[in-house]
Amino acid sequence: MLTAPELRALKGQRPSVWITAYDVVQAQVAEEAKVDVILVGDSLGMTTMGYDSTIPVTLNDMIHHATMVRRGAPHTMMIVDFPFLTYPDVPTALRNAGRIMQETLANGVKLEGGHEIIDVVDALIREKIPVIGHLGLTPQSIHTMGGYKVQAKTSASIERLIRDAKELSDHGVSAIVLEGIPDRVAAFVTQHIEAPTIGIGAGSQVDGQVLVFHDCLGLSPTLPKFARPFAHIRDAMIQGLQNYRHAVMEKSFPSDNETYHIPDSEWNKFLE
Ligand code: KIV
Ligand code: NA
């Protein structure tokens, strides 16, 4: 299993490969495919719980699903998102981090924000909890961002993003997720900080990539511009269930060798 220091040391060596997962089967396939890091993202709210944002996701939801992921992928680095409003101050963040680390056996936590949460980042790192940052399009800020929009498109916001990334890196985060920002901004940040940058909708000049499981495998009904479906699982599932339905309707399922039998002699005894 990759460790937090190894993750940081990968920078400049090779890209790291991250995928989200929310349950046992997803974790099993992620581990079998040898991804570096599994992120139990609060995208859980959209991919799995049917909400249209990450805001309704609770700490208990995250812990419930992260325990499933841990059981499915015991040998892969697992990072768990702090959900909305679970790190408003240091004592609350530490209490909630304790629950995440002890109840899910996570290898670290991820939280959205930069300078405004640096006290929380410091406190977590002081307690030896690996921290992953998340800058750019931060979905927990949907209401103040005014929707899911590409961030860091103006010189003032680019400057702020770079300052936040440097501060997080200097304070010891193990990596920083950069979401929904222009490629040259992500490349610049990547070149100017020590922590590895993990991009999602941030172009190719970063230190690693992360995708939502459902987007990566074609399970999502619709895809954002930055995602590529590397398989078409939703279509395969629908086709499979249609095949099943047709086989039941025409009574070709189950076949003889999908069926349990007893010898004629036993059956005849019963009929007597
Ligand atoms: O919740 C999530 O899946 C994430 C990734 C998109 C980085 O935070
Ligand atoms: Na998230």
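**Exercise 1. Getting an overview**

How many helices and how many strands are there in the protein? Work this out, then describe the overall dimensions.

*Solution.*
Step 1. Keep in mind that you're looking at a predicted model. Go along the chain and you'll find 12 helices and 8 strands.
Step 2. Now the extent: the C-alpha trace spans about 85 × 40 × 35 Å along its principal axes.
Step 3. Next, burial. The protein has 272 residues, and 40% of them are buried.
Step 4. Finally, take the contacts between residues at least 6 apart in sequence: 58% of these join residues at least 24 apart.

**Exercise 2. The strands**

In what order do the strands close into a barrel, and in what sense do they pair? Follow the pairings of strands 1, 2 and 3.

*Solution.*
Step 1. The barrel takes in 8 strands in the order 1-2-3-4-5-6-7-8, with parallel pairing. On average, neighbouring strands in this sheet are turned by 25° against each other, if you ignore direction.
Step 2. Start at strand 1, residues 16-20. It's mostly covered, since 4 of its 5 residues count as buried, and for that a residue needs 20 or more other C-beta atoms within 10 Å of its own.
Step 3. Look at one neighbour of strand 1: strand 8 (residues 208-211) runs parallel to it, and 4 bridges join the two. Here Ser16 stands opposite Gly208.
Step 4. Turn to strand 2, which pairs with strand 1 in the parallel sense over 3 bridges. Thr20 sits opposite Leu39 of strand 2.
Step 5. Move on once more: strand 2 (residues 37-40) pairs with strand 3 (residues 77-81), again parallel, over 4 bridges. In this pair, Val40 faces Val80 of strand 3.

**Exercise 3. Two helix pairs**

At what angle do helix 2 and helix 4 pack, and how far apart are their axes? Then do the job again for helix 5 and helix 6.

*Solution.*
Step 1. Helix 2 covers residues 24-32 and helix 4 covers residues 59-72; they pack at about 40°, and their axes are 7 Å apart. Helix 2 is therefore oblique to helix 4, because the angle is neither under 35 degrees nor in the range 65 to 115 that counts as roughly perpendicular.
Step 2. Check the handedness: helix 2 passes helix 4 in a right-handed crossing.
Step 3. List who meets whom. From helix 2 you get Val24, Val25, Ala27 and Gln28, and they meet Met68, Val69, Arg71 and Gly72 of helix 4. Sorted by type, the residues of this contact come out as 5 nonpolar, 2 polar and 1 charged.
Step 4. On to the other pair. Helix 5 and helix 6 pack at about 45° with axes 9 Å apart, so helix 5 is oblique to helix 6.
Step 5. Helix 5 passes helix 6 in a right-handed crossing. Helix 5 brings Val90, Ala93, Leu94 and Ala97 to the contact, and helix 6 brings Asp119, Val120, Ala123 and Leu124. Those residues divide into 7 nonpolar, no polar and 1 charged.

**Exercise 4. Backbone oddities**

Which peptide bond is cis? Find it, then look at the phi values of Leu105 and Lys128.

*Solution.*
Step 1. Remember the background: most peptide bonds are trans, and most residues other than glycine have a negative phi.
Step 2. The bond from Phe253 to Pro254 is cis, with omega near -5°. You'll find Pro254 in the loop between helix 11 (233-249) and helix 12 (264-271).
Step 3. Leu105 has a positive phi, near 60°. It's in the loop between helix 5 (90-104) and strand 4 (108-112).
Step 4. Lys128 has a positive phi too, near 70°. Its loop runs between helix 6 (118-126) and strand 5 (131-136).

**Exercise 5. Buried or exposed?**

Is Lys128 buried or exposed? Sort out Leu105 and Lys153 as well.

*Solution.*
Step 1. Count the other C-beta atoms within 10 Å of Lys128: there are 8, so Lys128 is exposed, as 12 or fewer is the cut-off.
Step 2. For Leu105 the count is 15, which means Leu105 is partly exposed.
Step 3. Lys153 has 11 C-beta neighbours inside 10 Å, so Lys153 counts as exposed. This lysine lies in the loop between helix 7 (142-145) and helix 8 (155-170).
Step 4. One last distance: Lys153 and Val206 are 53 residues apart along the chain, and their C-alpha atoms are separated by 18 Å.

Note on methods:
Residues are numbered from 1 along each chain as its sequence is written. Chains are lettered from A and ligands numbered from 1 in the order in which they are written. This is a predicted model: local features need pLDDT of at least 70, side-chain atom pairs count only at pLDDT 80 or more; totals for chains, interfaces and linings use all residues. Two residues are in contact if their C-beta atoms, placed from the backbone, lie within 7 Å. Axes are lines fitted to C-alpha atoms, for helices over the stretch in contact, and angles run from 0 to 180 degrees between N-to-C directions. Angles under 35 degrees count as roughly parallel, over 145 as roughly antiparallel, 65 to 115 as roughly perpendicular and the rest as oblique. A crossing is left-handed if the near helix is turned anticlockwise from the far one by less than a right angle, and right-handed if clockwise. Ala, Val, Leu, Ile, Met, Phe, Trp, Tyr, Cys and Pro count as nonpolar, Asp, Glu, Lys and Arg as charged, and the others, Gly among them, as polar. Two strands pair if DSSP finds at least two bridges between them.
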